[in-house]
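User: I am new to this structure and would like to learn how to read it one feature at a time. Please give me the general idea first and then the case at hand.

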Amino acid sequence: MTSSNNYSDDVLREKPTQDDHKAPEPLPNQPSPTPSAASTCTPRLYSNSLLSSDEAIASARKVYLKTLCGGVFAIVLLIFTVFALLWGAFFRTPAKNLPGWIIDFDGGLVGEAVVKGLTLPNPASKISWTVIPSERFSDGISQVSADVAEHKIWIAVTINPGASERLSSALAFPNATYDGTEAVTAYAVEARNENAFRIILKPSAETALSMISAQFASQLLPTLVNSSMLPELMTKSPRTLVSPISYSTVNIHPFNQPLATVVIFTGLIFVLILSFFIVMIANGAREASDLRRLLNFQSLIALRFSSAFGAFFIVSLFYSLLSIAFQLNVSHKFGRSGFLVFWMMNYCGMLAVGLAIESMMILLTVTFVPFFLLLWLMVNVAVCVFPIEVLPIVYRYGYAVPFYNVSKIARTVVFGVKNQDNVLSSWAQLRHRKESAAARTEASRKVSVDN
């Protein structure tokens with residue numbers, strides 16, 4: 001009996017030990033675990049060669065090359081389409097001449113010679129001259145200067161009153177104080193467009209007037225050969241013989257602040273880039289917070305516009321202060337209020353270019369917005385270097401783009417040139433409506449997909 005009981009106790013002691021090593025029984029209605037496709041197909045991370053023959057690596061390599069080559073092809077296409085706008089703005093520029101006035105207040109020999117010389121056909125000249133009767137200017141030369149300052153014409157050449165009489169008097173009674181440059185004056189505004197002034201207006205006008213002056217002198221000398229006053233002229237006033245008539249140039253508003261180049265051209269590119277950054281940051285904030293899906297349509301639109309308007313307001317302030325810190329003078333036209341006008345100019349400029357990007361963000365998504373950024377940049381920059389009047393007709397769109405209008409306003413604030421009507425607020429309103437429509441379309445699409 002004792003031995004049998006001991007055997008039973010041993011068996012009972014061994015059963016739990018055997019049960020411990022047995023696999024757990026599956027629960028009812030629970031499928032047995034099977035290896036996933038990912039565990040069998042996904043290669044080990046950080047341990048494969050690019051040229052591996054593994055099926056997953058080959059598939060990933062195909063997707064990578066397809067995406068990379070497609071993107072490079074899109075960029076090449078962009079270069080030969082969008083970039084061509086900027087290159088075309090410099091190609092054989094100026095494609096057209098700028099208009100100029102000739103006003104003869106003299107009515108004598110000098111006036112006749114200058115008018116005839118300027119109106120002769122000259123393929124090398126980049127100015128199309130028009131003779132304007134002096135009677136049109138009741139206030140005389142001061143009115144001509146005012147009209148040039150008001151951008152009614154790009155350049156005006158006046159043959160000043162009494163030019164012929166002064167020359168005749170200097171020839172009859174030699175006068176060492178005679179100055180031939182008082183005969184003709186050319187008026188222009190460099191601050192209106194410094195490139196047009198330096199490359200087109202000034203060289204063309206100076207070349208033509210110098211040729212007229214030299215030709216007039218060569219025609220005058222033979223008439224003085226037999227004059228009894230010739231020895232006295234050569235002694236007292238040789239300049240009267242060498243340069244009987246000449247010219248002076250009056251730059252009504254000079255481009256005298258080099259820092260303004262940043263504001264009216266280079267800085268506009270940075271304004272667009274800063275606007276792009278703000279749009280991307282705001283989009284990232286909506287994605288990170290998931291507000292894009294949590295808010296209703298009205299709240300989402302309010303969020304997008306309040307974020308854009310608020311961020312542009314702050315960034316444009318500090319961008320404007322940077323120019324003031326480097327002593328840009330903005331008080332020529334509006335006095336102490338010049339900075340406020342300058343700040344609002346940059347603010348409206350940011351709204352005009354930034355809301356365009358914001359609206360394209362909905363239509364093109366984050367992936368393709370950089371392509372629109374390049375298009376938007378080239379379209380704006382192409383019309384800011386030279387006057388639109390000298391560019392091919394395709395660039396007439398420039399009158400409506402933000403960069404062109406910001407540049408014109410900046411010239412008014414910094415140099416005091418004519419006030420410029422602009423379309424910046426119109427751009428902001430247009431982009432506001434387009435973004436609302438695009439957002440409404442996207443919301444409708446999401447609702448239909450959810451249903």
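User: Which residue of β4 is the bridge partner of Ile155?

Analyst: Strands of a sheet pair through backbone hydrogen bonds, either parallel or antiparallel. In this structure, Ile155 has Ala188 of β4 as its bridge partner, and Ala156 is matched in β4 by Tyr187. Please keep in mind that this is a predicted model, in which local features need pLDDT of at least 70 and side-chain atom pairs count only at pLDDT 80 or more, whereas totals for chains, interfaces and linings use all residues. Residues are numbered from 1 along each chain as its sequence is written, and side-chain values use heavy atoms, with hydrogens and water left out.

User: How many bridges join β3 to β4, and in which direction do these strands run?

Analyst: Strand β3 (residues 155-159) and strand β4 (residues 184-188) run antiparallel and are joined by 5 bridges; strands here are DSSP runs of E with at least two residues, helices are runs of H or I with at least four, and both are numbered from the N terminus. Strand β1 (residues 98-104) is also joined to β3 by 5 bridges, but these two run parallel. One of the matched residues is Ile103, whose bridge partner in β3 is Thr158. Two strands are called a pair if DSSP finds at least two bridges between them.

User: Where do the side chains of β3 point, and are they buried or exposed?

Analyst: In a regular strand the side chains alternate between the two faces of the sheet. In β3, Ile155, Val157 and Ile159 point one way while Ala156 and Thr158 point the other way, and all of them are buried (under 20% relative accessible area, with exposed meaning over 50% and partly exposed in between, for a 1.4 Å probe and protein chains only). Because 5 of the 5 residues of β3 are buried, this strand is largely enclosed by the rest of the structure.

User: What is the strand order of the open sheet?

Analyst: The open sheet has 5 strands in the order β2-β1-β3-β4-β5, and its pairing is mixed. At its edges stand β2 (127-132) and β5 (247-251), each of which has a single partner strand, so one side of each is left without a neighbour in the sheet. On average, and with direction ignored, neighbouring strands of this sheet are turned by 20° against each other.

User: How should I read the crossing of α11 and α14, and at roughly what angle do their axes cross?

Analyst: The axes of helix α11 (residues 260-289) and helix α14 (residues 338-381) come within 7 Å and cross at roughly 55°, where axes are lines fitted to C-alpha atoms, for helices over the stretch in contact, and angles run from 0 to 180 degrees between N-to-C directions. The two helices are therefore oblique to each other, since angles under 35 degrees count as roughly parallel, over 145 as roughly antiparallel, 65 to 115 as roughly perpendicular and the rest as oblique. The contact of α11 with α14 has 21 nonpolar, 4 polar and 2 charged residues; Ala, Val, Leu, Ile, Met, Phe, Trp, Tyr, Cys and Pro count as nonpolar, Asp, Glu, Lys and Arg as charged, and the others, Gly among them, as polar. For a second case, take helix α4 (residues 83-90), whose axis comes within 8 Å of that of α14 and crosses at roughly 15°, so that α4 and α14 are roughly parallel to each other.

User: Which residue of the loop between α6 and β3 has a positive phi?

Analyst: His151 lies in that loop, between α6 (141-149) and β3, and has a positive phi of about 65° although it is not a glycine. His151 counts as buried because its relative accessibility is 14%. Gln327, which is not a glycine either, has a positive phi of about 65° and sits in the loop between α13 (297-325) and α14. Gln327 counts as exposed because its relative accessibility is 71%.

User: Which residue is joined to Pro94 by a cis peptide bond?

Analyst: The cis peptide bond joins Thr93 and Pro94, with omega at about 5°, and Pro94 lies in the loop between α4 and β1.
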